[in-house]
Amino acid sequence: MKKFCGVLAGGLAMLAAVSFASAADPLTINGAGATFPYPLYSKWFYEYSNANPGVRFNYQSIGSGGGIKQITAGTVNFGATDAPMTEDGMKKLPGPILHIPTALGAVVPVYNLDGVPSGLKLTPDVLAGIYLGKITRWNDPKIAELNKTVTMPNADIVVAHRSDGSGTTDIFTNYLTTVNTEWRAKVGRGPSVNWPVGIGGKGNEGVAGVVKQTPGAIGYVELAYAKQNKMKVASLRNKEGHFVTPTLEATSAAAAGVAKSMPDDFRVSLVDAPGKESWPISGLTWILVYKDQKDEARGKAIVQFLKWAIRDGQKMEAALDYAALPKPVVEKVDKALKRISFKGKSLY
């Protein structure tokens, strides 16, 4: 009997130890997708996990196309994209999905050109002409005419673009498609397109690297990457005819016109937005999450994180060169989060 009690006590102690270890193990939330918001998401995941040690995040910055593929396949708990899913893409999903906007960002043309300071002026047609391969020299009259106070070098333009499926590319090509009829007819919009010219880099990091290492190069990256890498950025003529430099204020101005009329599914374009201060290549970035969750604990953890992200998380955006969501959008997102459920019960 004494021996039995000893064994029983040992077994209970072992069971308690296992239970304690299980309780102490953090819940891992797996996600993948956009590189556009990666600097912001990295900060969010770090800060949220510090405050909530029971939850940790594993996020793969592989591009919006990869994020959509993985959430479609069900290999991650959430996807991330800067390009809203198409109707055809959403029909392939195993269930309804929500696009939860998290931030506003700007896509900016960056260049590596000795003797030319940041702020080189470009028009929509000139930028399209460069990416169509029609404008091939930096001293082309169309560029020189816009920049009369600068001596443009007689050098080849080296075009850089994304090599992977990318929401940043979707925003950039959406802009070119909107403002240039030839681009619309020959290339069009998408996370991946058949580029007329140029060399590819993977991720915002890859394009930034190509431009930094290649004299005469021009590329497009998210504003945060341009600032972090101390890159020269172009000024663009916007819809109102004003030359605008990319800033948080200019990004917010692009969103001001659509904030109150945001559609219920949040899939909206911000490119070529009205307003004399608007940066013309602006866009939302979204987290993709299934409305009907298969795992109650993970589903609840995702909802709690997203509630934090649209409130406390927004305060961290400006320091990382993202613009916070307008208040009307935050209020609308909060209502959408209440739709995320497990077996019909809201996880909010």
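Two strands count as paired here if DSSP finds at least two bridges between them. By that yardstick, β4 and β8 are an antiparallel pair with five bridges. Keep in mind throughout that this is a predicted model.

**Strands around β8 and β6**

Let's start with β8 (217–222). Six of the six residues of β8 are buried, so this strand is largely enclosed by the rest of the structure. On the β4 (97–111) side, Val108 has Val221 of β8 as its bridge partner. β8 also pairs with β6, and there the two strands run parallel, joined by two bridges. Within that pairing, Val159 is bridged to Ile218 of β8, and Val158 stands opposite Ala217.

β6 (158–162) tells a similar story. Four of the five residues of β6 are buried, so this strand too is largely enclosed by the rest of the structure. Besides β8, β6 pairs with β7, in the parallel sense and over three bridges. One residue to look at there is Arg162, whose bridge partner in β7 is Gly201.

**Helix α9 and what covers it**

How much of α9 is buried? Eight of the eleven residues of this helix (203–213) are, so to speak, under cover. They are Gly203, Asn204, Gly206, Val207, Ala208, Gly209, Val210 and Val211. The cover over these buried residues includes the strands β4, β6, β7 (199–201) and β8, along with the helices α7 (167–179) and α10 (223–228).

**The nonpolar cores**

Many of those elements turn up again in the largest nonpolar core. That core has 51 residues, and Leu127 and Tyr131 touch the most other members. β4, α5 (124–132), β6, α7, α9, β8 and α10 each give two or more residues to it. The largest share comes from α5, with six residues.

What does Tyr131 reach, once its neighbours within four places in sequence are set aside? Its contacts are Val159, Ala160, His161, Phe172, Leu176, Trp183, Trp195, Pro196, Val197, Ile218, Gly219 and Tyr220. Val159 and Ile218 in that list are the bridge partners met above in the pairing of β6 with β8.

Apart from this core lies another one of 47 residues, including Leu40, Tyr48, Ile302 and Leu347. As a general point, nonpolar side chains tend to be buried together in soluble globular proteins.

**A small open sheet**

Elsewhere, three strands make up an open sheet with mixed pairing, in the order β5-β10-β11. Its edge strands are β5 (121–122) and β11 (243–244), and each of these pairs on one side only. β10 (235–237) meets β11 in the antiparallel sense, over two bridges. One of the residues involved is Arg237, with Phe243 of β11 as its bridge partner.

**Empty space**

Now for the gaps. How many cavities of 30 Å³ or more does a search of the whole structure find? It finds one. The table sets that cavity beside the two largest pockets.

| Space | Volume | Nonpolar lining | Polar lining | Charged lining |
|---|---|---|---|---|
| Largest cavity | about 40 Å³ | ten residues | no residues | no residues |
| Largest pocket | about 320 Å³ | five residues | five residues | five residues |
| Second largest pocket | about 170 Å³ | five residues | two residues | three residues |

The cavity is lined by Leu104, Ala255, Val258, Ala259, Met262, Leu270, Leu284, Leu325, Pro326 and Val329. There is not a polar or charged residue among them.

The largest pocket is another matter. Of the 15 residues in its lining, Val76, Tyr290, Asp292, Gln293 and Lys294 are the closest to its centre. Taken by class, the whole lining splits into five nonpolar, five polar and five charged residues.

As for the second largest pocket, its lining consists of Ile68, Ala83, Pro84, Met85, Thr86, Gly89, Asp170, Arg189, Pro191 and Arg267. Three of the lining residues count as charged and two as polar.

How values were computed
Residues numbered from 1 in each chain as written. Predicted model: local features only at pLDDT ≥ 70, side-chain atom pairs only at ≥ 80, totals over all residues. Heavy atoms only, no water. Buried < 20%, exposed > 50% of the residue type's maximum accessible area, 1.4 Å probe, protein only. Contact = heavy atoms within 4.5 Å. Core = buried A, V, L, I, M, F, W, Y, C linked by side-chain atoms within 4.5 Å. 1 Å grid on protein atoms, 1.4 Å probe; cavity = no way out; pocket = protein on both sides within 12 Å on 5 of 7 lines; lining within 4 Å. Points joined across faces, edges and corners; volume = space filled by probe spheres on them. Nonpolar A, V, L, I, M, F, W, Y, C, P; charged D, E, K, R; others polar.
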